[in-house]
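This report describes selected features of one structure for a first-year student. Please consult the sequence and the three-dimensional view while reading.

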Amino acid sequence: MVNFPRQGAAGGTETMLLNVGPQHPSTHGVLHIMVELAGETVVTAKPVIGYLHRGIEKLAEGRTWQQNIALCDRLDYVAQWSNEWAYVRAVERLAEIEVPERADWLRTLMVELNRVTSHLIWYAGVTMDIGALGTPFIYAWVARERIFDFFESVSGGRMMPNWMRLGGVRTDIDAAALKDMRDFLEHDFPKEVDDYEALLVGNEIVVSRMKGVGTFSAEQLEEWGVTGPALRASGNDRDLRRDDPYGVYDKLDWKVWTDPVGDSLARCRVRLGELRESAKMCVQIIDGMPGGEISTKVSKALRPPEGDVMVRTESPRGELGILVASDGTTKPYRFRVRSPIFYNLSAMVHMLPGHLLADMLVIFGGIDTSMGEIDR
Amino acid sequence: MWIRTLLWLIGLLLLIAVVTVIGVWWERKFIGHLQGRRGPLHHGFHGLLQLPADMVKMISKEDIVPSGADRWLFQLGPILAVVPAVAAMAAIAFWRGFALLDMNHGLFYIFAFQTLLPLAFAVIGWSCASKFTLIGALRAAAQLISYEIPMLLTALGVVVVAGSMRFTDIINAQSGTWNIVKEPVGFAIFFIAILAEMNRTPFDLPEAESEIVAGYQTEYSGMKFGFVQLAEYSVLFTGSYLVSALFLGGWNMPFLPASPIWLLLKIVAVMTSTMWFRGTFPRLRVDSVMALSWKWLIPIALVNVMAVSALALALPHIY
């Protein structure tokens with residue numbers, strides 16, 4: 001049982017405890033939120049996590065350094081490529097493995113495409129949550145499907161690529177496939193984003209649902225540990241791709257999307273802007289892609305020197321940190337994930353009170369949860 | 001005489017069954033195509049046999065009564081919802097004088113029975129002993145009662161113009177100009193209000209899936225759920241009929257002879273447009289739904305009634 005002390009409403013009104021989830025149409029997985037309602041207004045909220053716990057951090061200690069790449073796919077199953085990259089970067093830094101230039105470009109490309117698909121899932125989810133019966137959902141699925149086909153042609157898997165390797169990547173991408181993707185991203189995709197934008201921030205009802213709902217200042221969000229698009233929508237332009245560059249981000253011409261307002265609508269605008277920006281970056285990457293090797297030779301029985309390394313990356317949901325500690329054997333001594341969504345979700349305790357039950361889902365949409373990474 | 005009544009009753013019940021079955025199929029098909037999907041496809045011609053399959057499924061499902069539910073009210077709920085919804089259809093005139101009850105207060109009769117629906121939803125929501133159904137029922141009651149007022153006020157404008165509450169008279173009065181031309185404001189308010197009465201998007205708060213699972217019908221399974229659906233589609237049909245009869249000229253058509261076919265086509269068109277809204281609009285928030293009715297629709301509807309009455313007095317040859 002979860003301990004849930006009720007706070008009670010002003011004026012001694014009796015409150016109601018409502019369990020939203022773990023089986024509920026809009027909790028995006030198995031999130032469980034206990035909300036105390038006075039009428040339809042949230043008095044207190046408490047997220048209950050752990051329904052999807054698979055013990056990934058512990059499992060990783062029993063597998064070799066290479067095998068763990070497949071486990072990382074299963075952390076945040078919406079941003080698989082980002083997780084892989086964070087992990088291989090950590091191990092490469094620990095074992096001092098050099099990555100060929102082309103592999104870096106390929107990795108950046110796939111992770112940016114992954115950011116697009118991840119934001120498309122956010123879009124599909126948030127529109128469902130505010131009651132649009134699946135039409136924008138399917139719209140988002142069209143472009144996502146196109147990119148997933150590309151993922152499949154590259155890695156053989158749509159959801160679980162297992163594509164990055166210590167010291168490079170598993171398969172190369174041929175020029176024809178790259179050109180196809182480039183055409184799609186340059187010509188078709190911006191039009192699709194126009195549609196998304198018109199359906200979301202161009203819709204009167206959506207604006208009335210989102211404008212001024214869940215407005216938080218950058219200071220508040222920083223204090224709660226919120227990162228990623230949710231933080232950037234409050235005017236803080238913290239983005240690790242620029243602040244702590246990795247991959248080839250410093251060679252690309254792009255900008256960090258921010259919004260000064262800090263409400264739910266601003267969070268939508270930032271994510272829509274990132275969709276466009278990521279597509280632009282992918283086009284630049286495909287144009288600038290150098291030739292050469294895609295991987296260096298790394299021993300299967302890799303034994304990184306003793307020590308630990310923490311690597312931060314900008315996943316679609318915020319700062320994903322991965323710590324790996326080695327005791328000099330073929331398996332990690334410790335594998336630890338700093339999940340951005342865990343911190344974003346924790347902020348719900350502060351964000352939800354005072355809002356209506358219907359607003360709860362809008363604020364959720366701004367956070368873009370993915371339970372796979374929180375519960376691990 | 002009683003044979004006529006019996007035949008009418010059988011006919012109306014069949015009509016409701018057909019409307020529900022075809023309505024569900026058409027809604028899935030239409031929204032599917034809106035979304036770039038194709039909807040039901042594999043059973044029969046374009047998925048038409050999906051419907052018998054769904055019905056068999058619904059009938060053969062276990063009839064669950066949740067523990068803690070108020071057993072009698074739980075059983076009574078779907079009946080309370082279906083009876084007024086079906087009874088309201090008795091006054092529907094499909095052609096001049098062709099109705100089970102072609103009363104001189106048919107409009108009043110339909111509204112009287114539709115007013116009973118919030119009661120049924122409240123009973124359903126309360127009896128389940130579930131918080132989601134309770135919230136849904138309270139939302140349904142609040143919403144239906146709030147939107148009845150602008151709906152009645154705008155219907156009053158039509159009655160003023162037609163000089164009667166009998167559907168035959170109301171529709172015959174539109175043989176020249178339709179009421180949508182005479183009172184466009186009234187039409188807009190009536191259409192919005194009837195959308196809310198029918199619990200259709202963007203006013204589907206009582207069954208807001210992402211917030212309260214399925215609202216007042218969350219705990220119902222099997223044929224009880226089927227009955228609640230039946231009531232909803234009957235209300236949808238009656239509502240579409242009201243829009244067609246009161247504002248869209250009923251069986252009249254410009255330049256063409258009057259025929260019941262026009263009426264049916266208009267009903268289908270109105271039903272389809274509600275489905276179109278469902279595929280397009282997100283849901284309003286509960287407080288803005290209430291504000292829309294009480295702050296905007298009711299004052300405008302009041303002004304509309306007075307304006308229409310004044311016009312009817314001032315320009316009797318037009319209105």
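Helix α9 of chain B (residues 184-197) has 14 residues, which at 1.5 Å a residue should span 20 Å, and its end C-alpha atoms are indeed 20 Å apart. The expected span is 1.5 Å times one less than the number of residues. Helices (H or I, at least four residues) and strands (E, at least two) are DSSP runs, numbered from the N terminus.

The model is predicted: local features need pLDDT of at least 70, side-chain atom pairs count only at pLDDT 80 or more, and totals for chains, interfaces and linings use all residues. Residues are numbered from 1 along each chain as its sequence is written, while chains are lettered from A and ligands numbered from 1 in the order in which they are written.

Of the 14 residues of α9(B), 10 are buried (20 or more other C-beta atoms, placed from the backbone, lie within 10 Å of a residue's own). Among them are B:Phe187, B:Ile192 and B:Glu197. Their cover includes α4 (106-114), α11 (222-246) and α13 of chain B. After α9(B) comes B:Asn199, with a positive phi near 60°.

In chain A, the domain assignment, automatic or from a database, gives two domains. Their centres, taken over C-alpha atoms, are 29 Å apart. Residues are in contact if their C-beta atoms, placed from the backbone, lie within 7 Å.

| Domain of chain A | Bounds | Residues in the contact |
|---|---|---|
| domain 1 | 10-48 | 15 residues |
| domain 2 | 56-375 | 17 residues |

On the domain 1 side, β3(A) gives the most, with seven residues.

Key
A residue is buried if 20 or more other C-beta atoms lie within 10 Å of its own, exposed if 12 or fewer, and partly exposed in between; C-beta atoms are placed from the backbone. Two residues are in contact if their C-beta atoms, placed from the backbone, lie within 7 Å.
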